[in-house]
Amino acid sequence: MFSRVLAVSIMIVALSLVGLPALAADNCQTCHFEFEDEDGASHKFVRDIHGQKGLGCVDCHGGDPSLDDMDEVRREKDYRGVPSHLEVPRFCARCHSDAAYMHEYNPSLPTDQLEKYKTSVHGQRLFNNRDDKVANCISCHTVHEIGDAKMPHSSTHPVNLIATCGKCHSDADYMAGYGIGTGQVDDYVVSVHGVALLERNDLGAPACNDCHGNHGAAPPGVTSLSAVCGNCHAIEAGLFNTSPHEPAFAANDFPMCETCHSNHKILKPDDSMVGTHHEAVCAECHASDDGTRAFAIAGTISEALSRLVTAHGQAGEVLSEAIEKGMMTTDEEFRFKEVDQALIQARTMVHAFDADSVLSRTGPGILKADSVRVNSAALIDEYHFRRKGLGFATLFITILVVALYIKIRRIDRGLNE
Amino acid sequence: MAPIKSSRRGFLEVILGGGVLATLGAVVYPVIRYIIPPAAGEAKLSQLKLPFTRADIEADPKKAKYFKYGRNLGIIYLTEKNELRALAATCTHLDCTVQHRPDLGIIWCSCHNGRYDLDGNNISGPPPRPLERYAVKETDDVILVSRENA
Amino acid sequence: MPANGTDAKLGFYDRAYAWLNERFKIDALVEYMGDKKVPVHGHSAFYYFGGISLFLFIVQVITGILLLMYYRPGADTAYESVRFIVSNVQFGWLVRSIHSWSANLMILAVFIHMFTVYFTYAYRKPRELTWLTGIGLLGLSLMFGFSGYLLPWNELAFFATRVGTGMAGAIPVIGRDILVIMRGGEEVTGATIGRFFGLHVAILPGIFTVLLAAHLIFIQRQGMSEPLHWHDRAETDKKYQRFFPSFLLRDLLVWLIVLNVLAILAVLFPDGIGVVHWPLGTKADPFAPPPEVIRPEWYFMFAFQALKMLPAHVLFIEGELFGILVFTVGGVIWALVPFLDRKTGGQKARYYMAFGWLVLAFIIVMTVIGYVLE
């Protein structure tokens, strides 16, 4: 009895040392793990989401894992081996398009990846042109090291995705012949979105897939741009669509947001984009003699914005001096947030391309900013007043101390005499 | 010599007297200013009494009103079930002010289309965290708002 | 002074004095004080620290009363009302700042006063009761500090009070009950503010005033203690100054200087400076994680640090309990020293002197360790 218990215990310990993915019956994993190094498929597979969900080599590659001999394994009739580049999408889809099968592992995961892939530029070229350079599943998801996009180490996690796409799209030799340039990643990295995602780790900022789609990756068309950008920039899109620019852009085939903000290198918009000077975006199409009110409106908007920016800056400067001096600035800090909001709203209102809309935000904003400035200045005055008061009090007390000291000396002398 | 000495003594007495008065003034002046009641009357409680009534919120086209809570902005709104709820009104993404959208039944941030449900949970768009919830108490025509954990 | 002729020739002050003297026999008082003499020697400066402590206490009473006008105890109102005082009430920041600075300086002055009395053997007969009332006043001052610290109900105060009252829980048998009585419940809550507030503004001032009156009357009856080496000195070699007006006016002079120092500190550093600071900060939140460093006020640092450094068990008793025991025994010896050390010269007196230096060194070393090494 005892020896049997001991034997079972030893077995359990031994098994747990070998590790769960290499459970007794899976001879593929056991042998490959022994003969491959760290970069080998069997080693990577331990970290792979499929491995972690309990799947084995045979679930993708087929064959009988109980056999010891590799040649025998290859003779099994459902042995699928290693798929070619062109075969990969259907190889993965065998499970991933099977809703019933996927349900057993992750009911919330969609099963339409292959269908979407077929609509993507990658998929179209792969299937229609038999192009084996375009991305298939493993180009983005890796082989044997596939991870959930939510996991920070996954190649499809938003922060890593930029490099994943850039692997091909930034490689000029690789992309030669496709005619779409290779500067997208470099442009994106310095863009407002790239800085937010990669430097500030703001996962709310869009990565490549948020505009281009993931499995159905394609550049957004001219008409869909308002929906793509408008997904987050809803107010701007709404204002634009009711502005005089909408019909004009449509008639000229100008992509709406891109025309002024560009595409991958979307820099943080600057107020100098609006206006009548020659660097202004407005001036690219409009001139003072183009027969429309556009030039005048651009001038008014630009002037209103710069007045608010100046008032905001002055108020902020005075306020931070008051904060730095340790004054109680709670109320002014609160009001200054309202000025911030006014500035954000005024800049948003530019997309209506209508002077009154912008003025309706800059007017009250300037008034508030001025009051913050005046009140903060009063707090700074108070700070100086306190020091001046202290100075006077010190002066009075010092005079009194000196006079008292002289008096004491005299009294002492009087007493001694 | 005597007159000079006495005048010097007199001078010292004047300085002494003046010094005492000035020092007393320096002490008494702040005390008197301190005693004068400030404009705000008395300390505001952590429980904030809103300067408007339920009727004002109902009358608002967006069925919502903003209020100042310390150095933060709060929003109070009426749900479809005529229930009052209050949240911090500053979006957790990039500090824009959120608004109530009774048409969609959500709290909405217009800056990047961030959406929160009526409990302040972030449900879509860039916001990384829920909005802070405030407790609302209603008695007669008075609405009281306070932080939930304080 | 030559006597002047008629009343009409007298100035206003002389007439007022005459009016009062007729009723209260002030001449006798002045004569009594005029006879009193204060020894003048190398360490005379230390005679002023009792007076400084008294002055700072008076400042505490005045600023405390002013703060009472706007302060409202309670979990919902304490923090808000202090915030109101420093932001909305004119010169409220000054009153709070002076109250805090004066509190810290008063503790410092009291400590200096006590140690100089100890090291000059001034506690010996006939001043045993003066010493005892002084020890009582020190204890009350520390309780003032501890109870006042919580009243703003900010994060800093909340956690310091939780740790401080928690230490009382280590006392065997009755510790738990003491803790509950101190906190007004199992936890530090709004109920604790009520207790600490009552203690701080009513109970402690009441007892303090009585003890202080006794302390002052004793000093007035007995005069200043003369240094030891004067005992075998000829009367002609001893230098004195009159208590009234010479010493009293000098006292006044020192008070004025202290007042000025207070004003400068309060205006330039309204929230304190270095380890002596009291920023209002955020409101106490019992559910928030405690700040990384919870520090008691500097005058409790030596005890806090010593208790922290004790091993878990010393001689079969819990380390913390052992520490409290040692402090209690040390405190009792310290308080009863006038009854233990009576004879001048001899081996025993030297032991008590060594004990005094040991205590001072312990306090300084532990305080430094508490701030530097942690």
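What is the handedness of the crossing of H5(C) and H6(C)? The crossing of these two helices is left-handed. The model in which this crossing appears is a predicted one, and the paragraphs below begin with chain C, proceed to chain B and its contact with chain A, and end with a loop residue of chain A.

Two packed helices are described by the angle between their axes and the distance between the axes. For helix H5 (residues 92–119) and helix H6 (residues 128–150) of chain C, the angle is about 155 degrees and the axes lie 11 Å apart. Angles over 145 degrees count as roughly antiparallel, and H5(C) and H6(C) are therefore roughly antiparallel to each other. From H5(C), the residues that take part are Ala103(C), Met106(C), Ile107(C), Val110(C), Met114(C) and Val117(C). On the side of H6(C) they meet Trp131(C), Gly134(C), Leu138(C), Ser141(C), Gly145(C) and Gly148(C). By class, the residues of this contact comprise eight nonpolar and four polar, with no charged residue.

A second helix pair in chain C has another geometry. Helix H3 (residues 48–68) packs with helix H10 (residues 243–268) of chain C at an angle of about 50 degrees, and their axes are 10 Å apart. H3(C) and H10(C) are therefore oblique to each other, and H3(C) passes H10(C) in a right-handed crossing. In this contact, Tyr48(C), Gly51(C), Ile52(C), Phe55(C) and Val59(C) of H3(C) meet Asp251(C), Val254(C), Trp255(C), Val258(C) and Leu262(C) of H10(C). The contact of H3(C) with H10(C) has eight nonpolar residues, one polar residue and one charged residue.

Both H3(C) and H5(C) return in the surroundings of helix H4 (residues 78–87) of chain C: together with helix H9 (190–222), they are among the elements that cover the buried residues of H4(C). Why is H4(C) described as largely enclosed by the rest of the structure? Eight of its 10 residues are buried, so H4(C) is largely enclosed by the rest of the structure. The buried residues are Ala78(C), Tyr79(C), Glu80(C), Ser81(C), Val82(C), Arg83(C), Phe84(C) and Ile85(C).

Chain B introduces strands. Its secondary structure comes to two helices and 10 strands, which follow the pattern α-β-α-β-β-β-β-β-β-β-β-β along the sequence. Of its 150 residues, 25% count as buried. Among the contacts in chain B with a separation of 6 or more, residues 24 or more positions apart account for 36%.

Strands of a sheet pair through backbone hydrogen bonds, either parallel or antiparallel. In chain B, six strands form an open sheet in the order E1-E10-E9-E4-E3-E2, and the pairing is antiparallel. Strand E1 (48–49) and strand E2 (64–69) of chain B stand at the edges with a single partner strand each, so one side of each has no neighbour in the sheet. At one edge, E1(B) pairs with strand E10 (residues 142–147) of chain B over two bridges, and Leu48(B) stands opposite Val145(B) in E10(B). At the other edge, E2(B) pairs with strand E3 (residues 72–78) of chain B over six bridges; here Phe67(B) has Gly74(B) in E3(B) as its bridge partner. E2(B) and E3(B) form a hairpin with two residues between them, and Gly70(B) in the turn has a positive phi of about 60 degrees.

Chain B also touches chain A, in a contact that takes 23 residues from chain B and 24 residues from chain A. On the side of chain B, helix H1 (residues 2–35) of chain B supplies the largest share, eight residues. That side divides into 12 nonpolar, nine polar and two charged residues.

Chain A has 24 helices and zero strands. Of its 417 residues, 27% count as buried, and residues 24 or more positions apart account for 56% of its contacts with a separation of 6 or more. One residue of chain A, Glu76(A), lies in the loop between helix H6 (70–75) and helix H7 (88–96) of chain A. With 13 C-beta neighbours inside 10 Å, Glu76(A) counts as partly exposed. Leaving aside neighbours within four places in sequence, Glu76(A) is in contact with Gly62(A), Gly63(A) and Asp64(A). Of these, Gly63(A) is 13 residues from Glu76(A) in sequence and 5.5 Å from Glu76(A) in space, C-alpha to C-alpha.

Terms used:
Residues numbered from 1 in each chain as written. Chains lettered and ligands numbered in written order. Predicted model: local features only at pLDDT ≥ 70, side-chain atom pairs only at ≥ 80, totals over all residues. Pairing = 2+ DSSP bridges. Helix = DSSP H or I, 4+ residues; strand = E, 2+ residues; numbered from the N terminus. Buried ≥ 20, exposed ≤ 12 C-beta atoms within 10 Å, placed from the backbone. Contact = placed C-beta atoms within 7 Å. Axes fitted to C-alpha atoms, helices over the stretch in contact; angles between N-to-C directions. Parallel < 35°, antiparallel > 145°, perpendicular 65-115°, else oblique. Left-handed = near helix turned anticlockwise from the far one by under 90°. Nonpolar A, V, L, I, M, F, W, Y, C, P; charged D, E, K, R; others polar.
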